[in-house]
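Q: Please take a close look at the aromatic side chains here, and then describe what else can be said about the fold. I am new to this structure, so explain each term as it comes up.

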Amino acid sequence: MTPGPDLQQLINTIKTDAGSDDELEQLATAAATISELTSTGDAALGFFVDRARGAGKSWVEISAVLGVSKQAAHKRFADSWTARPAFERYTQRARSVVQAAEDIARARNHNFVGTEHLLLGMYKEPGAIAAKVLVNHGITEESVLQAVDAKSPAAEPAPSTEPTDLDAEDPPYTRRAAHVLQGAVGEALTLGHNYVGTEHLLLAFYRDQAGIATKILLEQGLDESAAWTDIRAALEAFKK
């Protein structure tokens, strides 16, 4: 296993980042650094717990590996599968994708928002990284729509003339969709970003191999490694 920085290395890094000999400034820098390391570490651990859950591993198996009780493991990590997504860090484009997903679900007469709707919603922001990655791999809106039609067909319109009811204030995300929306924050932290963009949403699909969106991506030739490579290249291009 690659060793992390030892205590002295960490202290030296904090002193350098503080840029001052003042003890309080160094303490403030240390607090910020440790907080960031903790958040990143939790996100990384959560990422691999997600992968294990997505692969069908039980909480008993996961807790045994982590060396904690099943209850402790479940309490710490199960929230990402159930909690309401937090959109504070989402970019405008990422929020537009989520809004588009809700509109798509409504148009398909679905009373839920699933990962398939999120995937289709990415095409409503063609200038965003996620849509560009998809199109570059030949995964078009039309091909995704055909796959979605096969796996999650549009429902018959309700007898009423009223549109399908989706609560605008609290949309009914499926468990897997909520997991993707939460997981995107972890993907952002993994990349060292303080925002959540469409690229992070795309990567979050791969946290659960059983989701409809993930199945479609894999069937159409975009695996996680390829997505990572293209997203990193796109982010590097922005820096130039």
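**The aromatic cluster and its setting**

A: One aromatic cluster is formed by Phe87, Tyr90 and Tyr173. The model is predicted: local features need pLDDT of at least 70, side-chain atom pairs count only at pLDDT 80 or more, and totals for chains, interfaces and linings use all residues. Residues are numbered from 1 along each chain as its sequence is written, and side-chain values use heavy atoms, with hydrogens and water left out.

The structure holds two aromatic pairs. In one of them, Phe87 and Tyr90 meet edge-to-face, with 4.9 Å from centre to centre and 85 degrees between the planes. Rings of Phe, Tyr and Trp (its six-membered ring) pair if their centres lie within 6.5 Å; planes under 30 degrees apart count as stacked, over 60 as edge-to-face and the rest as tilted. Phe87 and Tyr90 are both buried (under 20% relative accessible area; exposed is over 50% and partly exposed in between, with a 1.4 Å probe and protein chains only).

Of the 240 residues in the protein chain, 42% are buried. Its secondary structure comes to 13 helices and zero strands; helices (H or I, at least four residues) and strands (E, at least two) are DSSP runs, numbered from the N terminus. Among contacts (heavy atoms within 4.5 Å) between residues at least 6 apart in sequence, 67% join residues at least 24 apart.

One packed pair is helix H9 (residues 141-151) with helix H12 (residues 212-219), at an angle of about 130 degrees and with axes 10 Å apart. Axes are lines fitted to C-alpha atoms, for helices over the stretch in contact, and angles run from 0 to 180 degrees between N-to-C directions. H9 and H12 are therefore oblique to each other: angles under 35 degrees count as roughly parallel, over 145 as roughly antiparallel, 65 to 115 as roughly perpendicular and the rest as oblique. From H9, Val144, Ala147, Val148 and Lys151 meet Ile212, Ile216 and Glu219 of H12. These residues divide into five nonpolar, no polar and two charged (Ala, Val, Leu, Ile, Met, Phe, Trp, Tyr, Cys and Pro are nonpolar, Asp, Glu, Lys and Arg charged, and the others, Gly among them, polar).

Asn109 sits in the loop between helix H6 (92-107) and helix H7 (115-121). Most residues other than glycine have a negative phi. Asn109 is not a glycine, yet its phi is positive, about 60 degrees. Asn109 counts as partly exposed because its relative accessibility is 25%.
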